[in-house]
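Hi,

Here is the structure I said I would pass on to you. Have it open while you read, and my notes on what turned up in it follow below.

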Amino acid sequence: MSLLRLSGVTAFYGASQALFGVDLDLREGEAAALLGRNGMGKTTTIHTIFGAPRARSGEIEFDGRDITSTPTHLIARLGIGLTPEGRRCFPNLTVEENLRAAARPGPWTMASVCDLFPRLAERAGQAAATLSGGEQQMLAIARALTTNPKLLVLDEATEGLAPLMRKEIWASVRRLKAEAGLSMLIVDKSLRELAEIADRAFILQRGQTVWTGDIAAIDDDLKASLLGV
Ligand code: ATP
C-alpha cells in the first residue's frame with residue numbers, strides 16, 4: 001500500500017518555479033532515496049510535502065488522505081517525522097528536554113532512542129548547543145523518532161559531518177530499516193550508503209522526477225547523467 005504519493009506536484013518560491021512535476025510513490029515499510037544534483041528540488045519537495053511552499057498543482061497523499069491543502073502544523077501530527085537539513089534542535093534545552101518536547105506515545109521513547117544513539121544517553125543532561133555537529137544530528141533524528149512517525153524523512157542527515165560520525169549515523173539508519181522496518185524517505189549524496197538501506201530511488205532533475213526504480217539499477221550512465229558522480 002502506498003504511504004506517501006506525490007503526483008504532478010509543482011511549487012513556487014514567489015514568482016520563481018522550483019518544482020515542475022514531482023511524482024513519487026513510497027510504499028509502507030519501504031525506504032526510498034530522493035536523489036538529484038544540487039538545486040534540483042529535493043529539499044523543496046520535502047518542504048512542499050509539509051505545505052511550505054504549498055503545492056500549486058498536483059496532489060500529495062499520505063496514509064490514504066489528501067494532504068495537498070492540509071495546514072503545515074497538522075501534517076506532522078498525521079505521522080510524518082522530519083529531520084530537516086541543518087539539524088535544528090532547541091539549543092538551550094537539554095538533550096532530554098529536546099526529546100521530551102515533541103514526544104508522542106508509541107514504541108519510540110527516551111529509552112529506545114538512546115538505545116539507538118547511546119551518545120545521547122551519555123549527554124542527556126547537557127544543553128543541545130554543547131553537542132558536536134554529529135551528536136546534534138543524532139538528536140534531530142531521535143527527536144523525529146519520538147514523535148512516533150509512520151514515515152521518517154531525513155534531509156541530508158550526514159552532510160558536513162566527520163567520517164566517524166557519518167558511519168555511526170548510517171549504522172543507526174540501517175537499524176531503523178532492518179530492525180524497526182520504518183518507512184523512510186532519505187535525501188543524501190552518499191549513494192553507497194543509501195544503496196544498503198533504500199529499496200528504491202527517485203531522481204529529480206530541474207524540479208521534475210525523471211527516473212524511478214530499484215536503487216541497485218542506478219548504473220554509471222545514470223550516475224554521470226543525472227547525479228553528477
Ligand atoms: P541541494 O542538494 O543543494 O540542497 P536541492 O535538490 O535540495 O539542492 P532545492 O534546495 O530544493 O534543491 O532547490 C531547488 C530550486 O529552488 C533551486 O533553484 C533553488 O535555488 C531554489 N530555492 C530553494 N530555496 C529557495 C528559497 N527559499 N527561495 C527561492 N528559491 C529557492
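Before we get to the ligand, one definition: a residue is near a molecule if one of its heavy atoms lies within 4 Å of it. Also keep in mind that you are looking at a predicted model.

**Around the ligand**

Which residues come nearest to the ligand? There are 13 residues around it, and Gly39, Gly41, Lys42, Thr43 and Thr44 come nearest. Helix H1 (residues 42-49) gives the largest share of this shell, with three residues. If you sort the shell by character, you get five charged, five polar and three nonpolar residues.

Now zoom in on some oxygen atoms of the ligand. In the side chain of Lys42, an N or O atom sits 2.8 Å from an oxygen atom of the ligand. The backbone joins in too: for Gly41, a backbone N or O atom is 2.9 Å from a ligand oxygen, and for Met40 a polar backbone atom is 3.1 Å from one. On its own, the ligand has 640 Å² of accessible area, and the protein covers 57% of that.

**Helix H6**

Next, go to helix H6 (residues 133-146). Its 14 residues, at 1.5 Å a residue, should span 20 Å, and the C-alpha atoms at its ends are indeed 20 Å apart, so the two values agree.

Is H6 mostly buried or exposed? Buried means under 20% relative accessible area. In H6, 12 of the 14 residues are buried, so the helix is largely enclosed by the rest of the structure. Among them are Gly134, Glu135, Met138, Arg143 and Thr146. What do these buried residues pack against? Their partners are strands E6 (80-83) and E7 (151-155), along with helices H3 (95-101), H4 (110-116), H5 (118-122) and H7. Just after H6, have a look at Asn148, which takes a positive phi of about 50 degrees.

**Arg175**

One last stop: Arg175, which you will find in helix H7 (residues 163-178). Its relative accessibility is 28%, so it counts as partly exposed. Which residues does Arg175 touch, leaving aside its neighbours within four places in sequence? It is in contact with Asp115, Leu116 and Ala180. Take Leu116: it is 59 residues away from Arg175 along the chain, yet their C-alpha atoms are separated by 8.0 Å.

That's the tour. Have fun clicking around!

Cheers

Key: Residues numbered from 1 in each chain as written. Predicted model: local features only at pLDDT ≥ 70, side-chain atom pairs only at ≥ 80, totals over all residues. Heavy atoms only, no water. Polar contact = N/O pair within 3.5 Å; in protein donor to acceptor, adjacent residues only side chain to side chain. Areas by Shrake-Rupley, 256 points an atom, 1.4 Å probe, with all protein chains shown as cover. Helix = DSSP H or I, 4+ residues; strand = E, 2+ residues; numbered from the N terminus. Nonpolar A, V, L, I, M, F, W, Y, C, P; charged D, E, K, R; others polar. Buried < 20%, exposed > 50% of the residue type's maximum accessible area, 1.4 Å probe, protein only. Contact = heavy atoms within 4.5 Å. Expected span 1.5 Å × (residues − 1).
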